[in-house]
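Colleague: Could you take me through this model and tell me how each label was earned? I'd like to see the reasoning behind the words.

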Amino acid sequence: MLKTVQEAATILGVSPDTIRRWEKKGLIKALRSTHNYRLFDVNELQRVYDKYSAQHSSRGFYVLKTEPHRFNVIELFSGAGGLALGFENAGFETRLLVEWDKDAANTLKANRPSWNVLHSDVARVDFQDYADAVDVVAGGFPCQAFSYAGQGRGFEDTRGTLFFEFARCVSQIRPKIALGENVKGLLEHDSGRTLRTMVHILEDLGYKVCFRVLKAQFLDVPQKRERVFIVGVREDIDQSFSFPSERDYTLSLREALEGCPKSAGALYPEKKRRVLEMVPPGGYWRDLPDDVQRDYMGGSYHLTGGKTGMARRLDWDEPSLTLTCSPAQKQTERCHPSETRPLTVREYARLQTFPDDWAFSGSIASQYKQIGNAVPVNLGYHVARAIYDTLSGTSEGAVTKREPTEVPRQLSLWETST
Ligand SMILES: C[S@@+](CC[C@H](N)C(=O)[O-])C[C@H]1O[C@@H](n2cnc3c(N)ncnc32)[C@H](O)[C@@H]1O
């Protein structure tokens, strides 16, 4: 049964504006009527009621983990190991990781001396030795345009880009499954041409390809973070793949930081600290007195757009906003909810669902960067687990067919239809 905003507000004992705000923040899921009004399923209202009523008991912080290894994976651009750890936790043995940043490579080696970590530029690695012996090749290649692509030479057209190196690895190894990961902006990058080229190239290499944006906040991660995942299943593999389905709960900052170990962290300069001191939990620059707003925002004060990341303080009762590579950037501040300081390194790691014993190498700035760059471990786990189900033939298989080879201009439509 479906309820209107007004009815949902009455049932949950909050104002209609609160319902609209929750919906905007992704804390409650709405359907849309033919006239585009929000409608709420009673089960969804029950879920939200349970979560916010006294009956709700905290889940606390956890890192998902499952049975012993059955399959194996090679990951390029592996950073500090968010995705790699997700794969390990989902039952994969790590055959090789390639990463050129010294601190990130050291992080991998220090935490998993048994992992084969190559501190190198991917372009210098020959993968021939792994041919036909690897189940999954994964890689979060940085996004670059292929303006010169389309000369009919397949992936040779993209030579010089990091996607080319990923595709070269796939073509040399011919894994059962190829997994690409990227920021959501890839969908619109170069008006969709970049993604379209990637999909075509993987298809040319003999893979059935699908992609989807996954929202970490609905997959056991206490953070709003969206990433696009591109999955290619080798054409001769007669198994289907389905993306993990979203959970019906989110995790709050309070749950995530419960019992978080103390650690080093950045500090705000005194002037900035005094400004942020005035911002309430969940608030931002608009909550400051007008004269302070003008002084703090400078030229940005008159610019259009919400600028909701500026002078932002996190809220204990919601998932964190997306973490960046530096915790105190002016456009994307994420001040601790009750203390006036950036999150510490371990708090950052918690919000990316790294376990507390995963140590990061290098300077504090480098540690923040490695964590901010990572795929959240639990998100990696869910994707890896979906791949595991395909490899073991137990996937429920929503994506069995070959996806359209023409990526439509309306990328978001395709994204929701996959
Ligand atoms: C977005 S991060 C990857 C994060 C990682 N998947 C995780 O979950 O922690 C991309 C990584 O690619 C690395 N990288 C960029 N270019 C590279 C290259 N040519 N060879 C090897 N690594 C590279 C960067 O140093 C960075 O750590």
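Modeller: Gladly, and please keep in mind that this is a predicted model. Strand β4 (residues 71–76) and β5 run parallel and are joined by six bridges.

Colleague: What makes β4 and β5 a pair?

Modeller: Two strands count as paired when DSSP finds at least two bridges between them. Six bridges join β4 to β5, so the condition is met. To see one of the bridges, look at N72, whose partner in β5 is E93.

Colleague: Which sheet do β4 and β5 belong to, and what is its strand order?

Modeller: They sit in an open sheet of seven strands, ordered β6-β5-β4-β7-β8-β10-β9, with mixed pairing.

Colleague: Why are β6 and β9 called edge strands?

Modeller: β6 (117–119) and β9 (207–215) each pair on one side only. From one strand to the next, the twist averages 15°.

Colleague: What packs on this sheet?

Modeller: Helix α7 (residues 193–204) does, touching β8 (177–183), β9 and β10 (226–234). The direction of α7 makes about 145° with that of β9.

Colleague: And the open sheet of three strands: how do you know which strands are its edges?

Modeller: Its order is β1-β3-β2, with antiparallel pairing. β1 (2–3) and β2 (31–32) each pair on one side only, and that marks them as the edge strands.

Colleague: What makes β1 and β3 a pair, and β2 and β3 another?

Modeller: The cut-off is at least two bridges. β1 and β3 pair in the antiparallel sense over two bridges, and β2 and strand β3 (residues 38–41) likewise over two bridges. Both therefore satisfy the cut-off. On the β1 side, K3 stands opposite F40 in β3. On the β2 side, L31 faces L39 and R32 faces R38.

Colleague: What is special about the phi of N36 in the hairpin of β2 and β3?

Modeller: Phi of N36 is positive, near 70°. The hairpin has five residues between its strands.

Colleague: Where else should I look for a positive phi in a residue other than glycine?

Modeller: Look at F77, with phi near 55°, and at R174, with phi also near 55°. F77 is found in the loop between β4 and α4, while R174 lies in the loop between α6 (162–173) and β8.

Colleague: Why is F77 called buried?

Modeller: A residue is buried if 20 or more other C-beta atoms lie within 10 Å of its own. F77 has 22 within 10 Å, so F77 is buried.

Colleague: And why is R174 called partly exposed?

Modeller: R174 has 19 other C-beta atoms within 10 Å. Buried needs 20 or more and exposed needs 12 or fewer, so R174 falls in between and is partly exposed.

Colleague: Which residues of helix α5 (residues 102–111) are buried, and what do they pack against?

Modeller: They are A104, A105, N106, T107, L108 and N111. These buried residues of α5 pack against β5, β6 and α12 (364–373). For the protein as a whole, buried residues make up 40% of the 418 residues.

Colleague: Why are α1 and α2 called roughly perpendicular?

Modeller: Helix α1 (residues 5–12) and helix α2 (residues 16–24) pack at an angle of about 100°, with their axes 8 Å apart. Angles of 65 to 115 degrees count as roughly perpendicular, and therefore α1 and α2 get that label. The contact is made by V5, Q6, A8 and A9 of α1 together with P16, I19 and R20 of α2. By class, that contact has five nonpolar, one polar and one charged residues.

Colleague: Which residues come nearest to the ligand?

Modeller: Of the 21 residues around the ligand, F77, G79, G82, D101 and A374 come nearest. The elements that give two or more residues to this shell are α4 (82–89) and β5 (92–99).

Colleague: How do the residues of the shell divide by class?

Modeller: Twelve are nonpolar, six polar and three charged. F77, then, is one of the residues nearest to the ligand, and F77 is also buried.

How values were computed: Residues are numbered from 1 along each chain as its sequence is written. This is a predicted model: local features need pLDDT of at least 70, side-chain atom pairs count only at pLDDT 80 or more; totals for chains, interfaces and linings use all residues. A residue is near a molecule or strand if its C-beta atom, placed from the backbone, lies within 6 Å of it. Helices (H or I, at least four residues) and strands (E, at least two) are DSSP runs, numbered from the N terminus. Ala, Val, Leu, Ile, Met, Phe, Trp, Tyr, Cys and Pro count as nonpolar, Asp, Glu, Lys and Arg as charged, and the others, Gly among them, as polar. Axes are lines fitted to C-alpha atoms, for helices over the stretch in contact, and angles run from 0 to 180 degrees between N-to-C directions. Angles under 35 degrees count as roughly parallel, over 145 as roughly antiparallel, 65 to 115 as roughly perpendicular and the rest as oblique. Two residues are in contact if their C-beta atoms, placed from the backbone, lie within 7 Å.
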